[in-house]
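Work through the exercises below with the model open beside you. Try each task before reading its solution.

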Amino acid sequence: MATCANCGRELQPAWKYCITCGTRTGVPLAGVMPSALSADPEAQPTRVNVLAVLALILGCLLSPLAALFGHVAVSQIKITGERGLVPAWIAIVLGYVWLVALAVLVIALVTTNA
């Protein structure tokens with residue numbers, strides 16, 4: 001069994017810190033915590049791109065501007081590494097769907113009134 005380098009107390013294999021003095025033991029948390037839930041802040045960005053959320057909201061509100069905002073959000077996400085790539089792509093698709101629907105509607109109105 002390992003002992004603490006600071007206080008000399010015996011350490012359990014799963015302990016990351018000594019329970020007596022709080023010194024880090026150097027024992028990795030392999031097997032205790034999945035890598036997807038690691039506490040390393042560099043591993044997973046915590047911020048969501050605001051423009052991606054706004055683009056998704058615009059896409060739900062039937063606005064063709066969602067495609068524009070979605071494309072800008074994707075480029076920002078690639079640079080900053082923020083989260084929100086999936087909502088940005090969903091907004092892009094919705095924006096193009098609404099753009100095509102708007103174009104069909106305008107063409108239909110122009111041809112029927114002529």
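A residue counts as buried under 20% relative accessible area, as exposed over 50%, and as partly exposed in between. The model used throughout is predicted.

**Exercise 1. Overall fold and burial**

Task: Find how many helices and strands the protein has, and what share of its residues is buried.

Solution:
- Step 1. Count the elements: there are three helices and zero strands.
- Step 2. Read them from the N terminus; the order is α-α-α.
- Step 3. Apply the burial cut-off: 19% of the 114 residues count as buried.
- Step 4. Turn to the surface. Its accessible area is about 8,100 Å², and carbon and sulfur atoms account for 69% of that.
- Step 5. Check contact range. Take contacts between residues at least 6 apart in sequence; 39% of these link residues at least 24 apart.

**Exercise 2. The largest nonpolar core**

Task: Identify which residues make up the largest nonpolar core.

Solution:
- Step 1. List the members: L51, A52, A73, V74, I77, A88 and I92, seven residues in all.
- Step 2. Map them to elements. Two or more residues come from each of α1 (50-60), α2 (65-80) and α3.
- Step 3. Rank the contributions: α2 gives the most, with three residues.
- Step 4. Recall the general trend: in soluble globular proteins, nonpolar side chains tend to be buried together.
- Step 5. Inspect one member. Leaving aside neighbours within four places in sequence, A73 contacts N49, L51, A52 and A88.

**Exercise 3. The salt bridge**

Task: Determine how many salt bridges there are, and which side chains take part.

Solution:
- Step 1. Use the cut-off: a Lys or Arg side-chain nitrogen must lie within 4 Å of an Asp or Glu carboxyl oxygen.
- Step 2. Count the hits; there is one salt bridge.
- Step 3. Name the pair: R47 and E82 meet at 3.3 Å, N to O.
- Step 4. Place both ends. R47 sits in the segment before α1, and E82 in the loop between α2 and α3, so the bridge ties together parts 35 residues apart in sequence.
- Step 5. Classify each end. R47 is exposed, at 55% relative accessibility. E82 is buried, at 17%.

**Exercise 4. Cysteines**

Task: Explain why C21 and C4 are not bonded through their sulfurs.

Solution:
- Step 1. Start from the chemistry: a disulfide is a covalent bond between the sulfur atoms of two cysteines.
- Step 2. Set the cut-off, which is 2.5 Å between cysteine sulfurs.
- Step 3. Compare. The cysteine sulfur closest to that of C21 belongs to C4, and because it is 3.6 Å away, it is too far for a bond.
- Step 4. Extend the search to the whole structure: zero disulfides are found.
- Step 5. Add accessibility. C21 is partly exposed at 33%, whereas C60 is exposed at 56%.

**Exercise 5. A surface patch and a buried loop residue**

Task: Decide whether L102 and S63 are buried, partly exposed or exposed.

Solution:
- Step 1. Locate L102: helix α3 (residues 85-113) holds this residue.
- Step 2. Classify L102. Its relative accessibility is 42%, so L102 is partly exposed.
- Step 3. Look around L102. Together with L105, V106, L109 and V110, L102 forms a nonpolar surface patch of about 450 Å² accessible area.
- Step 4. Locate S63, in the loop between α1 and α2.
- Step 5. Classify S63. Its relative accessibility is 14%, so S63 is buried.
- Step 6. List the contacts of S63. Not counting residues up to four places away in sequence, S63 touches L58, G95 and W98.

Terms used:
Residues numbered from 1 in each chain as written. Predicted model: local features only at pLDDT ≥ 70, side-chain atom pairs only at ≥ 80, totals over all residues. Heavy atoms only, no water. Buried < 20%, exposed > 50% of the residue type's maximum accessible area, 1.4 Å probe, protein only. Helix = DSSP H or I, 4+ residues; strand = E, 2+ residues; numbered from the N terminus. Contact = heavy atoms within 4.5 Å. Areas by Shrake-Rupley, 256 points an atom, 1.4 Å probe, with all protein chains shown as cover. Patch = residues over 30% accessible without salt bridge, like charges linked within 9 Å, V, L, I, M, F, W, Y side chains within 5 Å. Core = buried A, V, L, I, M, F, W, Y, C linked by side-chain atoms within 4.5 Å.
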